[in-house]
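Work through the exercises below with the sequence and the model open. Each task is followed by a solution in steps.

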Amino acid sequence: MLENRGIRGERIFLGSAAVAFAVFMQFGMKAQAAELPQVSSQDTFLMHQSVSDNSVWDVIPDGGDADSGQPDNGGTENGGDVQEPDGEDTEDPVVPEIPDVLADPAVTVEPEVPDAVPEPVQVVDSNQLQTLNYTDGILTDWQQIMDGLRTLSPDVLSNADAGSKSLVLQLQNVTDIPAGIGECLSADGSGYTKYLHCNIGYGASLVFSGASDNSGFQGVSNASVTVDSEKRGKKSMAVTVRFASHEDMGTVASLHVNLPQCSKGTKVSVYAETVSMDADGNVTVGENACIGNTKADENGNVEVLIQSTANYMFVYKAAKE
């Protein structure tokens with residue numbers, strides 16, 4: 001009986017001791033953990049290396065990685081900024097979006113072509129000497145015109161006749177003509193005959209031909225003219241072309257005149273002042289003399305060959321208005 005009591009007492013003591021130990025483990029350990037002394041990061045790291053991963057002493061050093069046990073360069077479990085080594089960027093590189101039109105191999109993207117800069121427009125005074133049918137710009141002085149004559153071709157004339165062997169360079173506002181054009185009109189082996197058509201005003205023009213011998217051409221210092229028309233009787237009309245001065249040109253030129261009230265095929269009589277010059281250069285103007293007859297074309301134009309600038313009269317039967 002006593003033996004049984006002794007055994008029961010021993011069991012009660014052991015049970016009480018177990019309860020006391022459990023209470024100590026629950027509360028005593030918490031207090032002990034709360035009163036742990038402060039340790040340095042290095043000591044903490046060494047402690048972490050020396051104990052089991054399941055131990056309550058498993059303290060993670062500041063900046064450490066709980067899984068690897070290695071420092072994580074300042075990362076925090078609560079979402080702190082992760083710092084990468086110098087020269088590296090933690091953000092993913094930004095990949096530009098590819099437009100659909102480029103992603104589709106069947107679509108061809110034409111390169112953007114800048115707008116063409118318009119060429120400046122050549123502005124020429126309407127009263128200035130100038131070419132009328134030269135395509136490589138408007139020639140406005142005699143040096144340019146003579147250079148153009150030397151290299152004249154169908155490609156540089158806006159109204160060239162492909163089937164014709166004649167090349168006509170047209171000018172307007174002509175008041176003088178240099179002697180140098182004679183050489184520029186000479187044949188150049190191209191097979192074309194060159195002409196220089198000079199509009200001198202009031203429907204009158206002087207035309208020089210490369211088919212003529214222009215070696216003696218002396219030029220025209222004053223090609224200005226006035227044109228007058230008057231009725232002669234009931235049916236006749238007289239048109240007079242007066243040059244500002246009388247000069248021997250030294251070559252043959254064609255004088256073209258547009259006659260008012262002159263229909264196609266009309267017979268036209270041409271009169272010219274007789275002009276003589278003495279050894280000292282003095283000019284004597286005589287009476288008008290008939291130098292020939294011609295016929296008008298469909299536009300009422302006539303032409304006559306002349307060798308000097310003088311006064312010329314064209315007499316014809318006027319058409320009804």
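The exercises cover confidence, a hairpin, a buried cysteine, the nonpolar core and salt bridges.

**Exercise 1. Confidence**

State what the mean pLDDT of the protein is, and find where confidence is lowest and where it is highest.

Solution. The model is predicted. Start with the whole protein: the mean pLDDT is 78, and 66% of the residues reach 70 or more. Next, go through the elements. Confidence is lowest in helix 2 (residues 41-50), with a mean of 45, and highest in strand 4 (residues 204-209), at 98. Then look at two stretches of low pLDDT. Over residues 1-9 the value stays under 50, and the model has zero contacts for them beyond four places in sequence. Residues 74-79 also stay under 50. For residues 74-79, the model has four contacts beyond four places in sequence.

**Exercise 2. A hairpin**

Determine in which sense strand 5 and strand 6 pair, and which residue of their hairpin takes a positive phi.

Solution. Locate the strands: strand 5 spans residues 225-232 and strand 6 spans residues 236-258. They pair in the antiparallel sense, over eight bridges. One bridge to check is that of Lys231, whose partner in strand 6 is Met237. Now turn to the connection, which has three residues between the strands. Among them, Gly233 has a positive phi near 75 degrees.

**Exercise 3. Cys198**

Decide whether Cys198 is buried or exposed, and list its contacts beyond four places in sequence.

Solution. Place the residue: Cys198 belongs to strand 3 (residues 193-201). Its relative accessible area is 0%, so Cys198 is buried. Leaving aside neighbours within four places in sequence, Cys198 is in contact with Leu171, Val174, Ile177, Ala204, Ser205, Leu206 and Phe208. For a distance across the sequence, take Leu129: Cys198 and Leu129 are 69 residues apart in sequence, and their C-alpha atoms are 9.8 Å apart.

**Exercise 4. The nonpolar core**

Find how many residues the largest nonpolar core has, and which element gives the most to it.

Solution. The largest nonpolar core has 49 residues. Those with the most contacts inside this core are Ile177, Leu196, Phe208 and Phe314. Elements that each supply at least two residues include helix 4 (142-150), strand 2 (166-172), strand 7 (267-277) and strand 9 (301-317). Strand 6 gives the most, with eight residues. Finally, take Phe314 and its contacts beyond four places in sequence: among them are Met237, Val241, Leu255, Val257, Val270 and Val304.

**Exercise 5. Salt bridges**

State how many salt bridges a search of the whole structure finds, then examine the accessibility of the partners in three pairs.

Solution. The search finds five salt bridges. In the pair of Glu183 and Arg150, the N to O distance is 3.4 Å. This pair links distant parts of the chain, with Glu183 in helix 5 and Arg150 in helix 4, 33 residues apart. Glu183 is partly exposed at 48% relative accessibility, and Arg150 is partly exposed at 36%.

Asp188 and Lys194 meet at 3.7 Å, N to O. Asp188 has 38% relative accessibility and so counts as partly exposed, whereas Lys194, at 3%, counts as buried.

Glu230 and Arg232 also form a salt bridge, at 3.7 Å, N to O. Glu230 is partly exposed at 42%, as is Arg232 at 39%. As a last step, look for shared partners: salt bridges join Asp147, Arg150 and Glu183 into one network.

Note on methods:
Residues numbered from 1 in each chain as written. Predicted model: local features only at pLDDT ≥ 70, side-chain atom pairs only at ≥ 80, totals over all residues. Heavy atoms only, no water. Pairing = 2+ DSSP bridges. Helix = DSSP H or I, 4+ residues; strand = E, 2+ residues; numbered from the N terminus. pLDDT = per-residue confidence, 0-100. Contact = heavy atoms within 4.5 Å. Buried < 20%, exposed > 50% of the residue type's maximum accessible area, 1.4 Å probe, protein only. Core = buried A, V, L, I, M, F, W, Y, C linked by side-chain atoms within 4.5 Å. Salt bridge = Lys/Arg side-chain N within 4 Å of Asp/Glu carboxyl O.
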